[in-house]
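Work through the exercises below with the model open. Try each task before you read its solution.

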Amino acid sequence: IWQCQIRRLQRGILKFSNAEKAEQCRLVVEAERLLDELLGQADLDGDSLCQLVRRCASWLHAPVFKALAGVDEASPSDEQQDPTNLQCRIRQLLIRALNHLDLSDQPTFEAVEAALRYMTMFVQ
């Protein structure tokens, strides 16, 4: 299972990084919609939520810090396509999804373990 998760994570990283900005935006919007749909269900589908966490974790990049001085205001359409904004939206999506998972449950933890290990690389 572990090796399979790592391969899927690597494929997701490549797919997202090779996608055009418009496609990346579409993928994030689709994931946000799916998360809203999953969280709106009476019975939470933990498997689908784990799958969404794994997919979205592969879209993360290391944080990029911009200097605030001298930054021009961006138009709303630029803001939607801005990779930094997409990364913020992906992080928010992951936080929302992870808040609904019981990571103390061994099968749940194992289902997202590769994604969690990948995400911890960014905070070390």
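A nonpolar core is a set of buried Ala, Val, Leu, Ile, Met, Phe, Trp, Tyr and Cys residues joined through side-chain atoms within 4.5 Å. Keep this in mind for Exercise 2. The model is predicted.

**Exercise 1. The overall fold**

Task: State how many helices and strands the protein chain has, and how much of the chain is buried.

Solution:
- Step 1. Count the elements. The protein chain has six helices and zero strands.
- Step 2. Read them along the sequence. The pattern is α-α-α-α-α-α.
- Step 3. Check burial. Of the 124 residues, 31% count as buried.
- Step 4. Check the range of the contacts. Among contacts with a separation of 6 or more, 76% join residues 24 or more positions apart.

**Exercise 2. The core**

Task: Find the largest nonpolar core and say which elements give two or more residues to this core.

Solution:
- Step 1. Size the core. The largest nonpolar core has 28 residues.
- Step 2. Pick out the residues with the most contacts inside it. They are Leu52, Val53, Cys56, Trp59, Ile90, Leu94 and Met119.
- Step 3. Assign the elements. Two or more residues come from each of α1, α2 (21-39), α3 (46-57), α5 and α6.
- Step 4. Recall the general tendency. In soluble globular proteins, nonpolar side chains tend to be buried together.
- Step 5. Follow one core residue. Setting aside residues up to four places away in sequence, Trp59 touches Gly12, Phe16, Leu27, Val28, Ala31, Gln87 and Ile90.

**Exercise 3. Two glutamines**

Task: Decide whether Gln87 is buried or exposed, and do likewise for Gln24.

Solution:
- Step 1. Place Gln87. Gln87 lies in helix α5 (residues 83-98).
- Step 2. Apply the cut-off. Buried means under 20% relative accessible area. Gln87 has 7%, so Gln87 is buried.
- Step 3. List its partners. Beyond four places in sequence, Gln87 touches Phe16, Trp59, Leu60 and His61.
- Step 4. Take a C-alpha distance. Gln87 and Cys56 are 31 residues apart along the chain, and their C-alpha atoms are separated by 10.0 Å.
- Step 5. Turn to Gln24. Gln24 sits in helix α2. Its relative accessible area is 8%, so Gln24 is buried.
- Step 6. List the partners of Gln24. Beyond four places in sequence, they are Phe16, Ser17, Ala19 and Leu86.

**Exercise 4. α1 against α6**

Task: Describe how helix α1 packs with helix α6.

Solution:
- Step 1. Take the geometry. Helix α1 (residues 2-18) and helix α6 (residues 106-120) pack at about 50°, with axes 9 Å apart.
- Step 2. Classify the angle. At this angle, α1 is therefore oblique to α6.
- Step 3. Give the hand. α1 passes α6 in a right-handed crossing.
- Step 4. Name the contact residues. α1 uses Trp2, Gln5, Ile6, Leu9 and Ile13, while α6 uses Glu110, Ala111, Val112, Glu113, Ala114, Arg117 and Tyr118.
- Step 5. Sort them by class. The contact of α1 with α6 has eight nonpolar, one polar and three charged residues.

**Exercise 5. α2 against α3**

Task: Repeat the analysis for α2 and α3.

Solution:
- Step 1. Take the geometry. The angle between α2 and α3 is about 160°, and their axes are 11 Å apart.
- Step 2. Classify the angle. α2 and α3 are therefore roughly antiparallel.
- Step 3. Give the hand. α2 passes α3 in a left-handed crossing.
- Step 4. Name the contact residues. Ala31, Leu34, Leu35 and Leu38 of α2 meet Ser48, Leu49, Leu52, Arg55 and Cys56 of α3.
- Step 5. Sort them by class. The contact of α2 with α3 has seven nonpolar, one polar and one charged residue.

How values were computed
Residues are numbered from 1 along each chain as its sequence is written. This is a predicted model: local features need pLDDT of at least 70, side-chain atom pairs count only at pLDDT 80 or more; totals for chains, interfaces and linings use all residues. Side-chain values use heavy atoms; hydrogens and water are left out. Helices (H or I, at least four residues) and strands (E, at least two) are DSSP runs, numbered from the N terminus. Buried means under 20% relative accessible area, exposed over 50%, partly exposed in between (1.4 Å probe, protein chains only). Contact means heavy atoms within 4.5 Å. Axes are lines fitted to C-alpha atoms, for helices over the stretch in contact, and angles run from 0 to 180 degrees between N-to-C directions. Angles under 35 degrees count as roughly parallel, over 145 as roughly antiparallel, 65 to 115 as roughly perpendicular and the rest as oblique. A crossing is left-handed if the near helix is turned anticlockwise from the far one by less than a right angle, and right-handed if clockwise. Ala, Val, Leu, Ile, Met, Phe, Trp, Tyr, Cys and Pro count as nonpolar, Asp, Glu, Lys and Arg as charged, and the others, Gly among them, as polar.
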